[in-house]
Structure formats: structure tokens, C-alpha cells
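Here are my notes on this one, set out as numbered points. Have the viewer open as you go through them.

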Amino acid sequence: MIEMKVFGLALDEESQVPVLILKDMQEKAVLPIWIGAMEAMAISLALNDVVLPRPMTHDLLLNMIHKLDGHVVAINVTELTEGTYYADIEVEVEGGIRRIDSRPSDAIALALRAKSPILVEEKVIEQVANEAKDTSVVAFSSDDSDKWTELLEQFDLNDAKYKM
């Protein structure tokens with residue numbers, strides 16, 4: 001497993017879908033993961049240390065893990081099959097480590113809140129690198145990651161229809 005960090009969020013200019021960018025600790029390998037808008041927002045909230053008055057889903061999950069005397073050891077991106085990434089969350093509880101199936105975006109949103117390592121199977125990184133050689137690479141401008149920050153700055157809790 002290779003430890004990676006969240007490098008940032010970008011927007012695929014062609015599809016307008018958010019892309020989570022992971023880089024290894026030496027910044028030699030890059031892993032783009034296309035994710036949903038809500039997951040991108042959850043990750044952006046964690047990256048920007050935004051604290052909401054009520055827990056969002058990933059905060060709730062982390063609170064539940066802690067209340068059950070567990071802690072998130074790491075999240076693992078384990079597989080890439082037919083364009084879909086697979087991940088699991090390693091939770092240490094009494095009796096050992098439990099692995100919980102998860103979408104990578106949810107696992108990473110949780111890992112950021114828990115300050116847990118993000119690990120990726122080496123075969124997944126190699127697979128993405130090999131596929132990138134065979135296809136065109138989507139280019140991201142540096143301004144794309146700023147769009148998420150701008151969106152958060154415009155968000156006013158008092159204007160929200162539903163209180164969080």
C-alpha cells in the first residue's frame with residue numbers, strides 16, 4: 001500500500017464532474033478519482049476546516065465510531081474495476097480491525113475528519129498510469145480547485161433552506 005494525500009479538488013472541464021486528486025507523499029504518483037458533487041463538498045468542508053453547527057453524514061459516522069470505542073486506522077483504495085474504484089475503511093474496535101466496504105470518496109471524507117492515512121494499493125496506481133498512457137489525459141487548470149473554495153465562501157448557513 002502506498003500512502004497518499006489529498007492534493008485537491010478539480011472540475012473535469014469536459015464532463016463538469018468533480019475530480020478528487022490524490023498524490024503520493026513524494027508527489028511522484030497522481031490518482032484522479034471522479035466523484036459526486038455532494039462528496040466533493042464533504043471533502044472540501046474537511047479540507048477547509050469548516051465546522052457546521054450540526055453533524056453532516058461523515059461527521060456522524062466518525063462520531064458513531066468514537067462512541068462505539070473505535071477509531072479509524074486507515075482507509076484503503078483497493079481496486080479499480082471497469083472504471084469504478086473500491087475502498088474500505090479500517091476501524092479498530094475491541095476484538096480487532098474491521099474492514100467496512102465504502103466508496104473512496106466517502107472513505108476519504110471520513111479519513112480527513114479522522115486524520116487517518118489514505119492508502120492505495122500499488123496495483124491501482126500502476127493500472128491508472130498504464131491506462132493514462134493509452135488514452136488522452138484530462139487537463140486541470142489550477143483555478144479549478146479554487147472553485148470549491150469560492151463555493152464554500154459564498155455558502156451562508158443562515159440562507160440555507162434546511163438547517164444543518
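1. I'd begin with the largest nonpolar core, which has 32 residues in this predicted model. The residues with the most contacts inside this core are Leu-20, Leu-22, Leu-31, Ile-75, Tyr-85, Ile-108 and Val-120. Helix α3, residues 104-114, gives the core its largest share, with five residues.

2. Leu-22 is worth clicking on. Leaving aside residues up to four places away in sequence, Leu-22 touches Met-4, Lys-5, Val-6 and Phe-7. Its list of contacts also includes Ala-29, Val-30, Leu-31 and Ile-33, and further along the chain Ile-108, Ile-118 and Val-120.

3. Some of those names come back in the strand pairing. Strand β1 (residues 2-11) runs antiparallel to strand β2 (residues 18-24), with seven bridges between them. Within that pair, Val-6 has Leu-22 of β2 as its bridge partner. The β1-β2 hairpin has six residues between its strands, and Gln-16 takes a positive phi near 60 degrees there.

4. β1 has another pairing, with strand β7 (residues 118-120): three bridges, again antiparallel. Here Met-4 stands opposite Ile-118 of β7. Both Met-4 and Ile-118 are on the contact list of Leu-22.

5. Next, strands β4 to β6. Nine bridges pair β4 (residues 71-81) with β5 (residues 84-93) in the antiparallel sense, and one of the partnerships is Val-77 with Ala-87 in β5. β5 is also joined to β6 (residues 96-102), by seven bridges and likewise antiparallel. Across that pair, Ile-89 stands opposite Ile-100 in β6.

6. If you're checking backbone torsions, look at the turns in these hairpins. Two residues separate β4 from β5, and in that turn Glu-82 has a positive phi of about 50 degrees. The hairpin of β5 and β6 also has two residues between its strands, with Gly-95 at a positive phi near 100 degrees.

7. Last, helix α1 (residues 37-47). Which of its residues are buried? They are Glu-39, Ala-40, Ala-42, Ile-43, Ser-44, Leu-45 and Ala-46, so the list holds Glu-39 and Ser-44 alongside the alanines, Ile-43 and Leu-45. When you look down the helix, keep in mind that an α-helix has 3.6 residues a turn, so residues three or four places apart point the same way. Just after α1, Asp-49 takes a positive phi of about 55 degrees.

Note on methods:
Residues numbered from 1 in each chain as written. Predicted model: local features only at pLDDT ≥ 70, side-chain atom pairs only at ≥ 80, totals over all residues. Heavy atoms only, no water. Pairing = 2+ DSSP bridges. Helix = DSSP H or I, 4+ residues; strand = E, 2+ residues; numbered from the N terminus. Core = buried A, V, L, I, M, F, W, Y, C linked by side-chain atoms within 4.5 Å. Buried < 20%, exposed > 50% of the residue type's maximum accessible area, 1.4 Å probe, protein only. Contact = heavy atoms within 4.5 Å.
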